[in-house]
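This report follows one helix through its surroundings, beginning with a helix pair and ending with backbone features in the neighbouring loops.

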Amino acid sequence: HVGRAQTTQEEIRRRTAISQWTLIAGTWPTFFVIFRQCRDDGGAVRPETLERSVTYALAPKATNTIVRRLGAFTAFVDHAVSLGFSPFPITEDRVFSYFDMLHRTDAVAGKASSFLQCLNWMRAVLQAVIPEDVHTSSRVKGAAVSLQQKAPEPKRAPALTVTQVRTWKP
């Protein structure tokens with residue numbers, strides 16, 4: 001049945017993304033409040049509690065949103081690793097470096113804005129520790145806007161004439 005196969009694919013995609021977000025929180029635990037909330041009385045974090053906590057935190061979010069935010073963050077992680085530094089702590093300087101690289105490599109116009117949305121989302125949903133100056137920095141905001149402005153104008157078909165509309169048959 002096609003509907004069931006699509007649902008299963010969607011479930012797999014969602015579980016995979018949630019597992020990756022859980023791995024991110026577990027890899028850089030000091031930068032996620034949700035990780036600290038999963039400690040037991042002895043201070044140890046139970047992996048199954050972290051997995052469930054992330055799953056519950058992401059429950060109201062659409063799968064496409066979870067996957068999109070993961071893609072935006074993964075691109076930043078790849079940039080950090082390529083330069084030999086950890087993506088955490090996320091700092092204004094590291095975000096600016098990332099945006100500068102996006103400009104130099106002619107990246108997709110919305111990539112910087114998507115990353116800023118991702119940071120807001122991480123802060124709100126996963127309780128990531130992200131300094132306020134990352135969002136308020138004029139050079140970070142300017143770089144994101146500048147990259148967005150590089151987007152080409154959408155190509156549109158010429159408008160229909162009155163005659164074309166009148167003679168059009170569905």
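## Packing around α5

Helices α4 and α5 are roughly perpendicular to each other (a class for angles of 65 to 115 degrees), since their axes cross at roughly 95 degrees and come within 10 Å. The contact (heavy atoms within 4.5 Å) is made by Ala72, Ala75, Phe76 and His79 of α4 together with Arg94, Val95, Ser97, Tyr98 and Met101 of α5, and these residues divide into six nonpolar, two polar and one charged.

The model is predicted, with local features requiring pLDDT of at least 70 and side-chain atom pairs counted only at pLDDT 80 or more, while totals for chains, interfaces and linings use all residues. Residues are numbered from 1 along each chain as its sequence is written, and side-chain values use heavy atoms, with hydrogens and water left out.

Helix α5, residues 92-104, reaches 18 Å from its first C-alpha to its last. Its buried residues (under 20% relative accessible area) are Glu92, Val95, Tyr98, Phe99, Leu102 and His103. Seen down the axis of α5, these fall within an arc of 145 degrees, so they line one face of the helix. What covers them includes α4, α6, α7 and α8.

Two loop residues other than glycine have a positive phi, Asp106 and Gln127; exposed means over 50% relative accessible area, and partly exposed lies between the buried and exposed limits.

| Residue | Loop | Phi | Relative accessible area |
|---|---|---|---|
| Asp106 | α5 to α6 | near 55 degrees | 59%, exposed |
| Gln127 | α6 to α7 | about 55 degrees | 29%, partly exposed |

In the loop between α4 and α5 lies Pro89, which is joined to Phe88 by a cis peptide bond with omega about 0 degrees.

Terms used:
Helices (H or I, at least four residues) and strands (E, at least two) are DSSP runs, numbered from the N terminus. The expected span of a helix is 1.5 Å times one less than its number of residues. Buried means under 20% relative accessible area, exposed over 50%, partly exposed in between (1.4 Å probe, protein chains only). The arc is that of the directions from the helix axis to the C-beta atoms. Axes are lines fitted to C-alpha atoms, for helices over the stretch in contact, and angles run from 0 to 180 degrees between N-to-C directions. Angles under 35 degrees count as roughly parallel, over 145 as roughly antiparallel, 65 to 115 as roughly perpendicular and the rest as oblique. Ala, Val, Leu, Ile, Met, Phe, Trp, Tyr, Cys and Pro count as nonpolar, Asp, Glu, Lys and Arg as charged, and the others, Gly among them, as polar.
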